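Please read this briefing alongside the sequence and the coordinates. It moves from the chain as a whole to its interior and then to the bound ligands.

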Amino acid sequence: MRQVTKPENRVLLAGLRPMEADSASAALNAEGVRVDFARNAQEVLEAVAERRPGGIVLDDRLPGISGSALCQVLRRRPETRQTPILLLVAAGNEAAIRRAVDAGASDLLRRPLHGRLLARRIGTWVRLRQRESELARSRDLMRRLAAVASWEVDAAGGEFEVSDGLHDLLGADPAGPNTIQALLARCPADESARLRDHFQAAAETGESWSDECRIELESGELRYVSWEAEVLMDDHGLPTKISGSVQDVTERMQAAEQMRHLAYRDGLTGLANRNAFMERLSETLAVAQRHDRNVGLLFLDLDNFKRVNDTLGHSIGDELLCAVAVRLEMCLRQSDFVTWQTGTGLGPISRLGGDEFTVVLAEIDGPSDAASVAKRILEAVQEPFSVGRHVLAVGVSIGITLFPGDGGDVESLLRNADVAMYEAKERGRNNYQFFSQSIGDAEVRRIAIEERLRTAIDNESFDLFYQPQVDIRSGRIHGVEALIRWTDPDLGAISPNEFIPIAESCGLIVPIGEWVLREASAQAASWLAQGHPPMHMAINISPSHFENEILLESMGQVLFDTGLPPNQLVVEITENVFSADCDAVQRTLRELKRIGVQVALDDFGTGYSSLSYLKRFPVDILKIDRTFVRDVVLDSESAAITEGIVSMARALRLRIVAEGVETEKQRAFLEGIGCESMQGYLFSPPISVLEMDDLLAGGTPQGLARTS
Ligand code: C2E
Ligand code: CA
Ligand code: CA
């Protein structure tokens with residue numbers, strides 16, 4: 001291995017006797033110091049010029065010249081002005097010692113020479129010297145940091161007076177010109193012109209000013225300095241003197257720049273992060289606004305990224321994100337509609353977090369430009385990625401918004417692009433969608449409903465209506481279905497068909513379902529307590545609630561609290577329940593059976609309607625969906641299917657409820673095929689508790705009257 005010896009680790013030994021040289025070099029080598037030899041002054045000067053030793057040992061008696069005289073020569077040269085020089089003198093030669101000190105020797109060694117002692121002394125000197133130069137470097141830096149030059153100038157023009165600090169500031173020769181002009185001469189032309197304007201304006205108006213500019217040091221280094229100027233007025237309020245300071249703020253600027261860099265870059269991919277994106281887009285929009293230009297925003301979300309993360313682990317996920325970032329950069333670099341910001345190194349692509357990316361198209365003519373970029377991205381991402389040992393196929397869904405049409409500011413553009421991205425996901429992923437106001441409106445309403453639902457739950461502002469289920473043969477109301485109603489003060493009455501799916505998607509369905517369970521059970525118990533004959537109380541339970549352990553727990557509590565016999569409670573579920581965790585569903589079903597609560601399969605015939613479900617998941621009641629009921633009298637196929645369902649249910653000993661019975665014809669047909677229980681407008685719409693009270697008190701539902 002080749003090792004480069006630093007100059008400070010080389011020592012030059014001049015004029016030593018052979019035995020002294022041997023012992024000295026052995027000791028020095030052992031300390032890791034390399035040794036060079038010189039026999040006379042000539043060789044010393046050559047070695048100094050060539051190898052810049054970190055220390056020099058001179059015998060006081062060199063051929064033709066004394067050691068102290070040579071030391072004097074060396075001290076005059078810049079390259080050895082500071083080098084440790086040790087003089088080797090004969091013991092007792094007091095005059096030689098004095099001469100050596102006068103000549104600027106760093107140390108004296110007396111003969112006889114001990115190699116180890118020499119090595120220690122040399123080592124000390126070299127280390128000292130190193131530390132000094134480090135200190136000097138940091139002192140220099142500190143001086144620069146604190147470098148403030150103050151100056152003063154006559155408002156009427158004339159000479160500047162500048163403090164000494166300016167030389168330090170400029171890193172210039174103290175002998176050089178010490179004026180503001182000298183400083184201004186080192187600024188870029190436009191900046192120095194601007195500063196001169198400041199001076200002029202201050203002299204005329206008396207206004208103080210501050211500014212920053214760059215200066216080029218003598219060494220060619222570029223520094224930033226900040227200026228502060230204050231104007232002194234005379235008794236008449238006229239400017240007399242302008243005084244101020246110039247300070248080197250380079251380090252501060254660099255630190256700030258570094259912070260900016262860290263604050264604006266995504267740590268994983270090196271792309272711009274969300275902060276950078278938000279700031280840059282808002283700048284881009286401001287420029288576009290002034291120049292009446294269009295800006296496109298692409299919002300990208302990887303398809304199935306979560307699955308990669310979950311199944312292969314986060315590090316593979318992270319690598320995939322990086323690979324995607326690289327591919328995006330590559331494909332966009334070739335695009336005409338993409339401008340790259342060179343100064344900051346940040347491009348138009350940002351990673352907002354997770355697997356979400358954005359691309360800003362700063363100058364486009366219209367939607368087709370944005371579409372062509374989106375297509376290019378889809379193509380680029382289509383190619384599988386090889387990450388670690390895996391080959392991964394990911395798609396990307398892209399939502400697009402255009403400024404100014406789809407939003408006038410960063411937030412609305414981003415939000416709408418997000419909405420459009422979801423639309424792209426809905427449409428089967430791996431495609432792009434433009435934002436359209438109609439999706440936007442739906443989304444706005446969705447968000448509003450979700451928001452209102454939360455307060456509605458807190459305020460219990462829901463209501464339950466009840467729809468009778470009628471036993472066709474006896475004409476008796478044998479049960480009711482509880483149906484939720486909600487009227488929001490601002491949005492008005494909202495159908496459960498609209499808000500239940502929203503509640504399901506954001507988890508609010510559980511507290512809503514819990515409320516329904518409690519309220520409906522209490523109502524059923526109350527009717528029972530009023531002396532009415534027992535009726536089934538059917539409540540609708542959504543899949544996520546059905547899977548939730550809380551259901552059984554609160555059901556037990558509610559039955560206990562209300563005293564309602566469990567067999568009067570019916571839980572209506574849809575086939576969707578079975579697509580969830582089978583074990584949890586099985587458990588709940590078994591437990592419901594154990595406590596005696598009945599289960600109805602709602603909307604039967606609309607989903608997979610797999611008869612095998614009925615064997616695996618024991619239910620008590622089948623509710624024939626109203627679309628079948630609607631069609632039984634219209635087409636023979638529906639009639640045949642319905643007939644089939646009824647006879648099969650009979651064979652499985654399931655009870656049947658036909659829902660949505662609206663006409664006499666439908667009722668007659670259903671009765672004909674053996675369906676005994678019905679629910680629908682023909683008998684009664686869902687009604688309030690008060691109306692229900694009336695009905696139970698003696699009135700018969702309209703349709704019922706006709707059947708009896
Ligand atoms: P669903 O469970 O199928 O409830 C029956 C729906 O059909 C009710 O609509 C009812 O008003 C309506 N209906 C009753 N008879 C007739 C008829 O003869 N003709 C027609 N065309 N419709 C009839 P509603 O009350 O608007 O409820 C809609 C859906 O919202 C329900 O469908 C159910 O899926 C859900 N839902 C209602 N209340 C709740 C609830 O408390 N919890 C849960 N999870 N879902 C509920
Ligand atoms: Ca139902
Ligand atoms: Ca139904």
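The points below are grouped by topic.

This is a predicted model, and its protein chain of 708 residues has 47% of them counted as buried. The chain contains 26 helices and 28 strands, and among its contacts with a separation of 6 or more, 63% are between residues 24 or more positions apart.

**Surface**

- The protein chain exposes about 36,000 Å², of which carbon and sulfur atoms supply 49%.

**Nonpolar cores**

- The largest nonpolar core has 78 residues, and the members that touch the most others are Leu453, Phe462, Met537, Phe546 and Leu622.
- Helix H17, which spans residues 509-529, gives the most to this core, contributing 10 residues.
- Apart from this core lies another one, made of 35 residues that include Leu300, Val338, Ile349 and Phe385.
- Once neighbours within four places in sequence are set aside, Leu622 is in contact with Leu601, Phe604, Leu614, Ile645, Met648, Ala649, Leu654, Arg655, Ile656 and Val657.

**Calcium ions**

- The calcium ion (ligand 3) is coordinated by Asp602 (OD) and Asp603 (OD), together with two OE entries from Glu659, at 2.2 to 2.6 Å.
- The donor residues of the calcium ion (ligand 3) follow the spacing D-D-x55-E in sequence.
- Asp602 coordinates both the calcium ion (ligand 3) and the calcium ion (ligand 2), and these two ions are 3.9 Å apart.
- Asp602 counts as buried because its relative accessibility is 7%, which is under the 20% cut-off.
- Asp603, by contrast, has a relative accessible area of 25% and is therefore classed as partly exposed, since that category lies between 20% and 50%.

**Ligand 1**

- Ligand 1 is surrounded by 21 residues, the closest of which are Gln467, Arg485, Arg626, Glu662 and Tyr681.
- Nitrogen atoms of ligand 1 figure in two of the listed approaches: a polar side-chain atom of Gln467 lies 2.8 Å from a nitrogen atom of the ligand, and a polar backbone atom of Ile484 is 3.1 Å from a nitrogen atom of the ligand.
- On the oxygen side, a polar backbone atom of Tyr681 is 2.8 Å from an oxygen atom of ligand 1.
- Taken alone, ligand 1 exposes 800 Å², and the protein buries 85% of that area.

Note on methods. Residues are numbered from 1 along each chain as its sequence is written. Chains are lettered from A and ligands numbered from 1 in the order in which they are written. This is a predicted model: local features need pLDDT of at least 70, side-chain atom pairs count only at pLDDT 80 or more; totals for chains, interfaces and linings use all residues. Side-chain values use heavy atoms; hydrogens and water are left out. A nonpolar core is a set of buried Ala, Val, Leu, Ile, Met, Phe, Trp, Tyr and Cys residues joined through side-chain atoms within 4.5 Å. Buried means under 20% relative accessible area, exposed over 50%, partly exposed in between (1.4 Å probe, protein chains only). Helices (H or I, at least four residues) and strands (E, at least two) are DSSP runs, numbered from the N terminus. Contact means heavy atoms within 4.5 Å. Donors are N, O and S atoms within 2.8 Å of the metal (3.2 Å for Na, K and Ca); water is not among the atoms, so sites may look incomplete. A residue is near a molecule or strand if one of its heavy atoms lies within 4 Å of it. A polar contact is a pair of N or O atoms within 3.5 Å; within protein, one must be able to donate a hydrogen and the other to accept it, and residues adjacent in sequence count only if both atoms are side-chain atoms. Accessible areas come from the Shrake-Rupley method with a 1.4 Å probe; for residues, only the protein chains shown count as cover.
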